[in-house]
Amino acid sequence: MKRGQLEIIGFMVIIILLLFSLIFYFKFAANDSTDLLQEAEENLEVSNLLDAIKMYTICDDTQMSDVIKSCVDGGNECDEDACAIVEREVQQIISLNGWDNDTYMFHIGDILYSQGTCKGNTFVDDYITNGETIKLTYCY
Amino acid sequence: METLMVAVVFMVVLIIALAFYFKFSLDSIEESGEEACLVSNTVLLVSVSSVPEIQCSINGKTENCIDTSKLIVFDPSRVYGSMFTTNCDQKVYFEQIYPEPENGTCDQNNYPDCGIFEFYDPDVSYSSSIKISTPTSLYFPLTEEYKFGKLVIEVLL
């Protein structure tokens, strides 16, 4: 085989290797959509969870939103200290939702009503009642 | 003769390269299909919660919860069939989580002493499934109670 022909074969092999490299690069480079989807789901989860917590019925005609208002005013609901109910029931609901204690924070104003604190990236949803901000934070 | 040999080698290598390329393309297309399926089902998590026929409505004002008495009788396939004809099959149901409910799928006979409210079931065979869910509030008008539940979409594979 002539030298020129050998060189052409070598050149052709290099071109094919470059082609494979490009295929692999584009295959693994375009994975952002999965991360965005996960973030959208978690954002929706935080928002829906806070709404579900607010609406949860504690006792006759008393929803968690009413109990939270009473907690802000330092009162009682359902024959019990409102803040104790908030701390207990919010933890129970969030635990049943599948979140660990160190992955979320529930604040009424500046006061934390969950077991642990967390840091890092967060998804947050909140609303205001009786002048206080009720905030659910999910850390990931 | 040598030129012919070069041409033959070139063709063989090209065919092998094309075979690999098409294999990877096919895998990539399948992966895109699976991603499109997950994206459409994530959108469904929002759409199903907003179906007006099952949303809570008290004195004409809608609330962000699901009325279980409406859920029991509503058949979404008649009106919202196109919502579920995406590129993959899925089962959709609401599940009461807290307080812990009685076991069983809800119907007009055992409501409200049940835990699962089926919304849509394509009744197809499947080998495995992926579940995605979002929290929701379930309203029981008979007792005027709001309970904690989840909207579950089980993507059938």
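Which residues in H3(A) meet which residues in H4(A)? The structure is a predicted model, in which local features need pLDDT of at least 70 and side-chain atom pairs count only at pLDDT 80 or more, whereas totals for chains, interfaces and linings use all residues. Residues are numbered from 1 along each chain as its sequence is written, chains are lettered from A in the order in which they are written, and side-chain values use heavy atoms, without hydrogens and water.

On the H3(A) side, the contact (heavy atoms within 4.5 Å) is formed by A:Met64, A:Val67, A:Ile68, A:Ser70 and A:Cys71, which meet A:Ala82, A:Cys83, A:Ile85, A:Val86, A:Glu89 and A:Val90 in H4(A). These residues divide into nine nonpolar, one polar and one charged; Ala, Val, Leu, Ile, Met, Phe, Trp, Tyr, Cys and Pro count as nonpolar, Asp, Glu, Lys and Arg as charged, and the others as polar. Helix H3 (residues 64-73) and helix H4 (residues 82-96) of chain A pack at an angle of about 135°, with axes 8 Å apart. The two helices are therefore oblique to each other, a class for angles outside the ranges under 35, over 145 and 65 to 115 degrees.

A:Val86 also touches A:Gln91, A:Phe106, A:Ile108 and A:Tyr113, among others, not counting residues up to four places away in sequence. Within the largest nonpolar core (buried residues, under 20% relative accessible area with a 1.4 Å probe, joined through side-chain atoms within 4.5 Å), which has 30 residues, A:Val86, A:Phe106 and A:Leu136 touch the most other members. The largest share of this core, seven residues, comes from H4(A).

Technical notes
Axes are lines fitted to C-alpha atoms, for helices over the stretch in contact, and angles run from 0 to 180 degrees between N-to-C directions. Helices (H or I, at least four residues) and strands (E, at least two) are DSSP runs, numbered from the N terminus. Buried means under 20% relative accessible area, exposed over 50%, partly exposed in between (1.4 Å probe, protein chains only).
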